[in-house]
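Work through these exercises with the model open in your viewer. Try each task before reading its solution.

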Amino acid sequence: MTAMTSTQTPPASSLHTPVIGWFEQHARDLPWRRPEAGAWSVMVSEFMLQQTPVSRVLPVYEQWIARWPRPADLAAEAPGEAVRAWGRLGYPRRALRLHGAAQAITERHGGDVPSEHAQLLALPGIGEYTAAAVASFAYGQRHAVLDTNVRRVFARAASGVQYPPNATTAAERKLARALLPEEDERAARWAAATMELGALVCTARNEDCDRCPIASQCAWRLAGKPAHQGPPRKGQTYAGTDRQVRGRLLAVLRDSVSPVAQAALDAVWEEPVQRARALDGLVADGLVEPLADGRYRLPLT
């Protein structure tokens with residue numbers, strides 16, 4: 001199924017008021033959205049929320065902010081402590097990237113998360129999405145914030161297809177910019193509102209059109225909800241994968257305050273080739289440091 005034509009796409013202005021109004025009534029009370037939350041809280045939440053649901057992020061986020069309320073607090077710790085505190089959120093390289101960003105913020109910006117988009121983008125570990133999200137949610141700026149939820153809302157409401165492409169395209173970025181309200185504050189609200197709409201109502205598998213504030217304008221719904229015709233959507237598997245092995249190895253290291261012997265790591269996974277490959281990957285990613293005596297630890301530098 002091809003995308004809807006521009007004449008069938010609802011005008012941006014007709015979407016803004018109902019979506020933002022819905023958000024004002026139904027937005028979740030999340031700590032990084034509260035008035036007292038600063039830019040660092042927003043940045044930490046954005047790192048943690050990548051590919052991870054809010055319910056899993058909340059307890060780790062609360063502990064993280066309590067321990068490291070400013071970037072300089074985290075920067076002063078060894079990177080391995082960031083990995084330890086990351087717990088079981090998954091994709092632990094995010095912890096190292098956040099630690100690296102904290103160090104750069106401390107060194108380059110006096111410990112304050114920069115407000116300029118270009119400066120955010122120049123931080124290590126910060127990509128297009130995170131820079132736009134922090135600039136928008138923390139500083140109320142006008143940027144297209146394209147996470148998976150927003151992309152799905154735009155695909156359905158504006159383009160008339162069930163799912164967006166597997167990777168963000170130039171056409172999606174152009175559409176997102178075209179849909180942005182002109183005023184900075186309203187644009188930032190729109191970014192948060194469309195993200196929440198995708199997370200709570202226009203979900204990947206169980207869209208609830210009866211609760212959607214723009215169902216009457218949705219191009220995909222008006223077209224009869226045509227089935228996805230693009231490349232097959234990849235399902236995420238975990239059991240038996242190298243990711244699972246890496247997670248078990250890291251769990252042993254996180255739970256130990258002293259270096260861990262090889263035997264303790266060998267005990268978590270029977271298959272030696274996969275176990276060795278997973279451990280080598282952790283070392284290569286900088287998540288684990290091998291010591292001269294054959295033991296391993298979380299990184300100190």
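**Exercise 1. Place glutamine 63 and decide: buried or exposed?**

Solution. Start with the element: glutamine 63 sits in helix 3. Helices here are DSSP runs of H or I with at least four residues, numbered from the N terminus. Next, the surface. Glutamine 63 has a relative accessible area of 56%, so it is exposed. The cut-offs are under 20% for buried, over 50% for exposed, and partly exposed in between, with a 1.4 Å probe and protein chains only. Last, a distance: 35 Å separates the C-alpha atoms of glutamine 63 and proline 164, which are 101 residues apart along the chain.

The model is predicted: local features need pLDDT of at least 70, side-chain atom pairs count only at pLDDT 80 or more, and totals for chains, interfaces and linings use all residues. Residues are numbered from 1 along each chain as its sequence is written, and side-chain values use heavy atoms, leaving out hydrogens and water.

**Exercise 2. Describe how helix 3 and helix 5 meet.**

Solution. Take the geometry. The axes of helix 3 (residues 54-67) and helix 5 (residues 79-86) come within 10 Å, crossing at roughly 145 degrees. Axes are lines fitted to C-alpha atoms over the stretch in contact, and angles run from 0 to 180 degrees between N-to-C directions. Now list the partners. Helix 3 contributes Val60, Trp64 and Arg67, and helix 5 contributes Glu81, Ala82, Ala85 and Trp86. Contact means heavy atoms within 4.5 Å. Then sort by class: 5 are nonpolar, none polar and 2 charged. Nonpolar covers Ala, Val, Leu, Ile, Met, Phe, Trp, Tyr, Cys and Pro; charged covers Asp, Glu, Lys and Arg; the others, Gly among them, are polar.

**Exercise 3. Trace helix 9 and what flanks it.**

Solution. Begin at the N-terminal end. Aspartate 147 caps helix 9, with a side-chain oxygen 3.1 Å from the backbone nitrogen of asparagine 149. Move along the helix: 11 of its 12 residues are buried. Among them are Val150, Phe154 and Arg156. The buried residues pack against helix 10, helix 11 and helix 12. Just after helix 9, glycine 160 has a positive phi of about 80 degrees.

**Exercise 4. Why does glutamine 162 count as buried, and which residues does it touch?**

Solution. Glutamine 162 counts as buried because its relative accessibility is 16%. It lies in the loop between helix 9 (148-159) and helix 10 (170-179). Leaving out residues up to four places away in sequence, glutamine 162 touches Arg152, Arg156, Trp220, Pro226, Ala227 and His228.

**Exercise 5. How many cavities of 30 Å³ or more does the structure hold, and what lines them?**

Solution. Count: the search finds 2. A cavity is a set of points on a 1 Å grid, over the protein atoms alone, where a 1.4 Å probe fits but cannot get out; lining residues have an atom within 4 Å of a point.

- The largest has a volume of about 120 Å³. Of its 15 lining residues, Arg156, Cys202, Cys209, Cys212 and Cys218 lie nearest the centre. The lining divides into 11 nonpolar, no polar and 4 charged. Helix 9 gives the largest share, 3 residues.
- The second largest holds about 50 Å³. Its lining includes His143, Phe154, Trp190 and Thr194. By class, 9 are nonpolar, 2 polar and none charged. Here helix 11 gives the largest share, 3 residues.

Key:
Helix = DSSP H or I, 4+ residues; strand = E, 2+ residues; numbered from the N terminus. 1 Å grid on protein atoms, 1.4 Å probe; cavity = no way out; pocket = protein on both sides within 12 Å on 5 of 7 lines; lining within 4 Å. Points joined across faces, edges and corners; volume = space filled by probe spheres on them. Polar contact = N/O pair within 3.5 Å; in protein donor to acceptor, adjacent residues only side chain to side chain.
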